[in-house]
Structure formats: C-alpha cells, structure tokens
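Trainee: Got a few minutes to go through a model with me? I'd like to quiz you while we both look at the picture.

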Amino acid sequence: MSTGQDAGRHEGHRPGQNESHHAGIVLAATPIGNDADASPRLRAEIARADTVAAEDTRRFYQLAARLGIEVSAQVLSYYEHNEAERGAHLIDLARSGARVLMVSDAGMPSVSDPGFRLVVRARAAGIPVTVVPGPSAPLTALVASGLPTDRFTFEGFLPRKAGEQAAALAALRSEERTMIFFESPRRLGATLANFVTAFGPGREAAVCRELTKTHEEIVRGPLAELAQRFSEGALGEIVVVVTGSSAAEREEQVRARAVGDVAELCQLGLRRKDAAAFVAARTGLRTNELYRAALE
C-alpha cells in the first residue's frame, strides 16, 4: 500500500503527444530486489509513458533514478485506498489518447498488488491493455523451492484474525496443488505453526526470503522443522511455498470425517452398526473399518 504523493513534470496529457505511439493501459513488472532484472521494455515504457500510475510515487522515482531514466511523464499515485477515484481518471486519460503505465512497488501489478480493477475498467471501456512481463515473487519462489511446479495455486496473504486464518487453512487442507503464500517477517513463526496444525508436521515446504537480493535465502524442509527454525520470525520479504496434500493424506482426512459422522449419528440415537453402514455407503469405506474406528 502506498502513501506517496502525486508528482509529475506536467499537469496532464498534451494534445498531439501520442502521434508516435498507441494510447492505452500498460502494466509493467518491476524488479523484486535486483535492479538488473529491469527489462529493456520496462525502461522503454517508463521513457515513453504520458502518465505513470505508481503504487508509491517516491519508490518509482527512486527506481527510475537507479536505472538512469529521466522521467518526463506525469506521475500519479495509484494504490488500494484511491483505486476507485484514480482508476476512473486514468481511464479518461487513456481514452483521450494518453499512454498510461501502471507499476507496483515490486513485481507484477495485479498479483497481490493494485492493477486488477484498472484492467477491468479498461476492458469495459474498450481500451487496449498491454502487459510487460518480468519479475514475480510467487513464481521465483516456486521455482527456487524445489517443490512440484506442474500445478500450483497462489494464496497471497492469509487473513490475520486467528479464526479466519484457521478457516482458510482448513479449506486448503485437501488442496492437491503446491501452494504459495506471502507472509510478513513478524508473523512468519506463528503462521508456520498454524501450517503444522492444518497440514501436519511432515508436509514439505520452503521459506524463501529476500529473493534476488544479496541475502537471498531458501530453506526447505518439513513444516515442523521450519516452524522451529523461524519461531522468532525472520528479516526481509517472505514467500512460503507448501507442497499439496498426498493421496494418503486425503484418504486419511476422508476416513477421519467419516468416523466423526458415525459418532454423530450414534449420538442422535442410531445404532453404531447401522450408522457405520450408512456412512460406508456414502463414502465407499468399509462398514467394519468404520465400526471399529468409532469404537476406538
């Protein structure tokens, strides 16, 4: 989220200034830690933009200075709390012929950062949208983790409230795909402990810290080990990658729920044998197995 103030070299779009390039919305990825990852296209778009919408205008100017780019565009802040008002203005600028470049503080706009609503507005208004691909913390962490990459899901930041986070993790307990999370350094230890509760101590995961920076660190291991290692938190920007559930884990979860259903039916007055038979018919499990598990 940005608190940067609007800045710029001019107040708005100058008539005729887009004769040499197309108007529209451009979303461009910026480095996530290493400025050398700035693509030639990013540099070109900064130089040619009429308006730059930046999550934090100060950080954008600092990036441009480090890249040796002189910014001649109007620079406006565009972040969570001014998206509605500022988004409409950006669309009006593009409609009038301006080339609007949208950048977040780091990585790809719209991925856990502003940008999604601007694309929706542009599509609805029939305004061209172009993406300049580049650095992405979730994908970088996934590749560096050494965990399965054939299927994955990006979960972003989990809810902060304990009850809401527990519910979110419970919903992911049977997720088969590799999961990617963002987390703050301060909450990392508590979140990893919650992962142990939700996914089990042996589930493989990786904590990826300060990606592409000088002190980059990728630590892989069972969740229990990672929770212990990072119990006091960590420094820097964090991405956590967790492997999906195995077939054995999912079978055990189905069995546990089925045994619970048998117990609940027994509490309602049904005979244990009949309750086991009823749940077995619904789940495909064996009646005798459920009966014995319910007794235990």
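**Around the open sheet**

Mentor: Let me start us off inside the sheet: Arg 209 stands opposite Ile 238 in S11. Keep in mind that the model is predicted.

Trainee: Good start. Which residue of S11 does Ala 205 stand opposite?

Mentor: We've just had one pair, Arg 209 and Ile 238. S9 and S11 run antiparallel and are joined by 5 bridges. Further along, the residue of S11 that stands opposite Ala 205 is Val 242.

Trainee: And on the S8 side, what is the bridge partner of Ile 180 in S11?

Mentor: S8 covers residues 178–183 and S11 covers 238–242, and the two strands run antiparallel with 5 bridges between them. Phe 182 has Val 239 as its bridge partner. For Ile 180, the partner in S11 is Val 241.

Trainee: Let's zoom out to the sheet. What is the order of its strands?

Mentor: In general, strands of a sheet pair through backbone hydrogen bonds, parallel or antiparallel. This sheet is open, has 5 strands and shows mixed pairing. Its order is S7-S8-S11-S9-S10.

Trainee: Which strands stand at the edges, and why is one side of each left without a neighbour in the sheet?

Mentor: An edge strand here has a single partner strand, so one of its sides has no neighbour in the sheet. The two that fit are S7 (152–157) and S10 (217–222).

Trainee: By how much are neighbouring strands of this sheet turned against each other on average?

Mentor: Ignore direction for this one, since the average is taken that way. For neighbouring strands of this sheet, the turn comes to 15°.

Trainee: Take S10 next. Which residue of S10 is the bridge partner of Val 207?

Mentor: S9 and S10 pair in the antiparallel sense, and 6 bridges link them. On the S10 side, the bridge partner of Val 207 is Val 219.

Trainee: Is S11 enclosed or open to the outside, going by how many of its residues are buried?

Mentor: In a regular strand, side chains alternate between the two faces of the sheet. In S11, Ile 238, Val 240 and Val 242 are buried on one side, and Val 239 and Val 241 are buried on the other. That makes 5 of the 5 residues buried, so S11 is largely enclosed.

Trainee: How many residues of S9 are buried?

Mentor: To count as buried, a residue must be under 20% relative accessible area. S9 has 6 residues and is mostly covered. The buried count is 5.

Trainee: Which helix lies across S8, S9 and S11?

Mentor: Look for the helix at residues 188–199. Its axis runs at about 10° to S11. That is helix H7.

**The loop before H4, and H4**

Trainee: Where are Ser 110 and Ser 112 found?

Mentor: Ser 110 has a phi near 85°, positive though the residue is not glycine. Ser 112 also has a positive phi, of about 60°, and is not a glycine either. Ser 110 is in the loop between S5 (99–103) and H4, and Ser 112 lies in the loop between S5 and H4.

Trainee: Is Phe 116 buried or exposed?

Mentor: Phe 116 lies in helix H4, residues 116–125. Ser 110 counts as partly exposed at 30% relative accessibility, and Ser 112 as partly exposed at 37%. Anything over 50% counts as exposed; with 54%, Phe 116 is exposed.

Trainee: How far is the C-alpha atom of Phe 116 from that of His 215?

Mentor: Along the chain, Phe 116 and His 215 are 99 residues apart. In space, their C-alpha atoms are separated by 31 Å.

**The whole chain**

Trainee: Is the chain spread out or a compact globule?

Mentor: The chain has 11 helices and 11 strands. Its radius of gyration is 25 Å, well over the 19 Å that the globule rule gives for 296 residues. Therefore, compared with a compact globule, the chain is more spread out.

Trainee: Last one: over which residues does pLDDT stay under 50?

Mentor: The mean pLDDT of the chain is 89, and 93% of its residues reach 70 or more. The stretches under 50 include residues 1–5 and residues 7–20.

Notes:
Residues numbered from 1 in each chain as written. Predicted model: local features only at pLDDT ≥ 70, side-chain atom pairs only at ≥ 80, totals over all residues. Heavy atoms only, no water. Helix = DSSP H or I, 4+ residues; strand = E, 2+ residues; numbered from the N terminus. Buried < 20%, exposed > 50% of the residue type's maximum accessible area, 1.4 Å probe, protein only. Pairing = 2+ DSSP bridges. Axes fitted to C-alpha atoms, helices over the stretch in contact; angles between N-to-C directions. Contact = heavy atoms within 4.5 Å. Rg over C-alpha atoms; globule rule 2.2 N^0.38 Å. pLDDT = per-residue confidence, 0-100.
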